[in-house]
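Me: I would like a close look at a single part of this model. Please walk me through it in short steps.

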Amino acid sequence: MIKEKKGAILIISGPSGCGKSTLLKEVYKDIDNYYFSISTTTRAPRIGEVNGVDYFFVSKEEFEEDIKNDDFLEYAKVHDNYYGTSLKPINKALDEGKLVIFDIDVQGHEIVRNKIDSLVTSVFITTPSLNVLEERLNSRNTDSIEIIEKRIKNAKAEVEFFQDYDYLIINDDLQTAAKELVCIANITRIKTKLFDKEKIVSNWLSN
């Protein structure tokens with residue numbers, strides 16, 4: 001009898017400012033045995049960000065060396081900086097049967113899907129409208145006008161890809177959106193594609 005949940009990947013994507021980080025904090029209160037995949041980036045840390053907690057901050061040279069060594073599951077260049085996901089901690093977490101949670105952009109989602117589609121469940125998160133996104137970005141007071149304009153331009157392009165994802169969450173009400181994301185997180189490790197067909201059928205017939 002197969003009782004244990006399998007290691008799986010949950011990808012979260014959406015425009016900067018849509019509330020992904022806030023939603024995930026709520027989700028972590030209700031799920032266990034997960035590993036949040038920390039991205040590696042060449043951008044400078046923001047105020048309050050900690051290396052090894054928020055991101056692994058490295059130089060452009062270090063990042064490009066790891067690209068040559070094929071050490072990334074996915075990587076992309078966004079806003080003139082590299083972002084990527086190291087394979088080593090991902091494989092370890094999957095072997096331990098954990099839910100590996102990714103917060104990556106649409107480019108990263110496509111790459112991961114192409115490489116290990118059977119392990120992936122994906123969710124696109126966005127605001128109710130572009131106007132709401134602009135309001136949230138401006139109210140954060142963390143970015144310059146130029147950066148905010150880049151993020152808005154990027155958001156307009158990203159939203160075109162929401163149908164490439166398994167689920168869509170409109171983050172209008174935080175508690176409602178969090179409940180929806182918890183439901184999705186809890187079913188990712190019981191998808192049929194994660195299980196060995198011959199083993200499941202053989203066990204079922206012999207018990």
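Me: Take helix α7. Which residues of α7 are buried, and what do they pack against?

Reply: Keep in mind that this is a predicted model. Start with the helix itself. Helix α7 covers residues 174-187, which makes 14 residues. From its first C-alpha to its last, α7 reaches 20 Å. That is close to the 20 Å expected at 1.5 Å a residue.

Now the buried side. The buried residues of α7 are Ala177, Ala178, Leu181, Val182, Ile184 and Ala185. They cover an arc of only 165° around the axis, so they sit on the same side of α7. The general rule helps here. An α-helix has 3.6 residues a turn, so residues three or four places apart point the same way.

Next, the partners. The buried residues of α7 pack against several elements. Two of these are near the start of the numbering: β1 (8-13) and α1 (20-27). The others are the strands β7 (99-103), β8 (120-126) and β9 (167-170).

Then turn the helix around. Lys179 and Cys183 are exposed. Both are carried on the face of α7 that is turned away from its buried side.

Put the two faces together. One side of α7 holds the buried residues, from Ala177 to Ala185 in the list above, and packs against β1, α1, β7, β8 and β9. The face turned away from that side carries Lys179 and Cys183.

Conventions
Residues numbered from 1 in each chain as written. Predicted model: local features only at pLDDT ≥ 70, side-chain atom pairs only at ≥ 80, totals over all residues. Heavy atoms only, no water. Helix = DSSP H or I, 4+ residues; strand = E, 2+ residues; numbered from the N terminus. Expected span 1.5 Å × (residues − 1). Buried < 20%, exposed > 50% of the residue type's maximum accessible area, 1.4 Å probe, protein only. Arc of directions from axis to C-beta. Contact = heavy atoms within 4.5 Å.
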